[in-house]
Amino acid sequence: PGEVLDALGRLRLVPVVVLDDAADAAPLAGALVAGGLPVAEVTFRTPAAGDAIRAMADRGDVLLGAGTVLTPAQVDEAVAAGARYVVSPGLSRAVVERCAEHGVLALPGAVTATEVQAALELGLTAVKFFPAGTSGGAPAIRALAAPFGGVRFIPTGGVGPATVADYLAVDAVVAVGGSWMVPRERIAAGDVEAVRRLTAEAVALVRRPED
Ligand code: 3PG
């Protein structure tokens with residue numbers, strides 16, 4: 001799990017994907033790689049999620065996470081398909097424990113001190129800060145990081161080109177998640193060029209000076 005968190009920290013940006021048709025997964029993965037972002041969080045908001053993860057994982061060059069995971073059964077499905085980490089909108093003990101059984105990184109949502117403490121009690125040191133935009137944004141993460149020195153945050157939800165740098169400027173932020181570079185309707189339309197371009201633009205925004 002630690003290795004996966006380190007990899008997310010190097011990538012700095014995670015596209016959060018909603019796929020209506022698993023047949024779109026392989027072209028999408030190609031567009032993400034071409035855009036310089038070999039990672040995807042595929043959400044279990046559609047029945048295509050498991051097959052989409054499998055299709056993207058088969059390439060071998062994309063780090064796959066499962067998003068919107070609400071049940072232990074979805075954890076099983078995601079891991080079987082090739083997901084290396086599991087993201088939930090909120091904190092579920094059952095989901096976190098199933099992830100631990102599989103040895104995969106769990107990133108539950110946490111936006112309050114109480115939720116962060118609950119995650120710590122489950123043995124976690126990284127959480128998704130969701131929904132970031134309406135939960136106080138970067139200043140709220142800074143304030144939470146003060147008492148919870150070792151905790152790392154992945155803000156997601158309402159992040160876009162205008163705010164991504166503000167989040168990444170916070171030391172406790174590992175990476176930022178968002179869907180703006182992978183618009184659902186562009187993917188459904190087979191417009192991989194739009195995804196590649198939006199992805200490349202997003203990568204340019206988060207590039208470190210030393211990169
Ligand atoms: C998620 O599930 O993480 C969010 O829906 C992604 O948020 P965004 O669409 O506001 O980027």
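**View 1. Helix α7 in the predicted model: exposed and buried faces.** Pro139 and Ala143 are exposed and sit on the face of α7 turned away from its buried side. Helix α7 spans residues 137-145, and its buried residues are Ala138, Ile141 and Leu144. These three cover an arc of only 125° around the axis, so they lie on the same side of α7. An α-helix has 3.6 residues a turn, so residues three or four places apart point the same way. The cover over the buried residues of α7 includes two helices, α6 (113-121) and α8 (164-168). Strands β6 (126-129) and β7 (152-155) are also part of that cover.

**View 2. Gly35 in helix α2.** Helix α2 runs over residues 25-35, and Gly35 lies in it. Gly35 counts as buried because it has 22 C-beta neighbours inside 10 Å, where 20 or more are required. Leaving aside residues up to four places away in sequence, Gly35 touches Val195, Arg196, Thr199, Ala200 and Val203. Val14 is 21 residues from Gly35 along the chain, and 12 Å separates their C-alpha atoms.

**View 3. The largest nonpolar core.** This core has 75 residues. Ile53, Met56, Ala66 and Val86 touch the most other members. Helix α3 (residues 49-57) supplies the largest share of the core, 6 residues. In soluble globular proteins, nonpolar side chains tend to be buried together.

**View 4. Contacts of Val86.** Residues up to four places away in sequence are not counted here. On the lower-numbered side, Val86 touches Gly65, Ala66, Val69, Val75 and Ala78. On the higher-numbered side, Val86 touches Val95, Cys99, Val104, Ala106 and Leu107. Ala66, like Val86, is among the core residues that touch the most other members.

**View 5. The shell around the ligand.** There are 13 residues around the ligand. Val16, Thr156, Gly157, Gly178 and Ser179 come nearest. The shell divides into 4 nonpolar and 9 polar residues, with no charged ones.

**View 6. The whole protein, for orientation.** The secondary structure comes to 10 helices and 8 strands. The radius of gyration is 16 Å, close to the 17 Å that the globule rule gives for 211 residues, so the protein is as compact as a globular protein of that length. Along the principal axes, the C-alpha atoms fill a box of roughly 45 × 40 × 30 Å. Of the 211 residues, 47% count as buried. Among contacts between residues at least 6 apart in sequence, 57% join residues at least 24 apart.

Notes
Residues numbered from 1 in each chain as written. Predicted model: local features only at pLDDT ≥ 70, side-chain atom pairs only at ≥ 80, totals over all residues. Near = placed C-beta within 6 Å. Nonpolar A, V, L, I, M, F, W, Y, C, P; charged D, E, K, R; others polar. Core = buried A, V, L, I, M, F, W, Y, C linked by C-beta atoms within 7 Å. Buried ≥ 20, exposed ≤ 12 C-beta atoms within 10 Å, placed from the backbone. Helix = DSSP H or I, 4+ residues; strand = E, 2+ residues; numbered from the N terminus. Contact = placed C-beta atoms within 7 Å. Rg over C-alpha atoms; globule rule 2.2 N^0.38 Å. Arc of directions from axis to C-beta.
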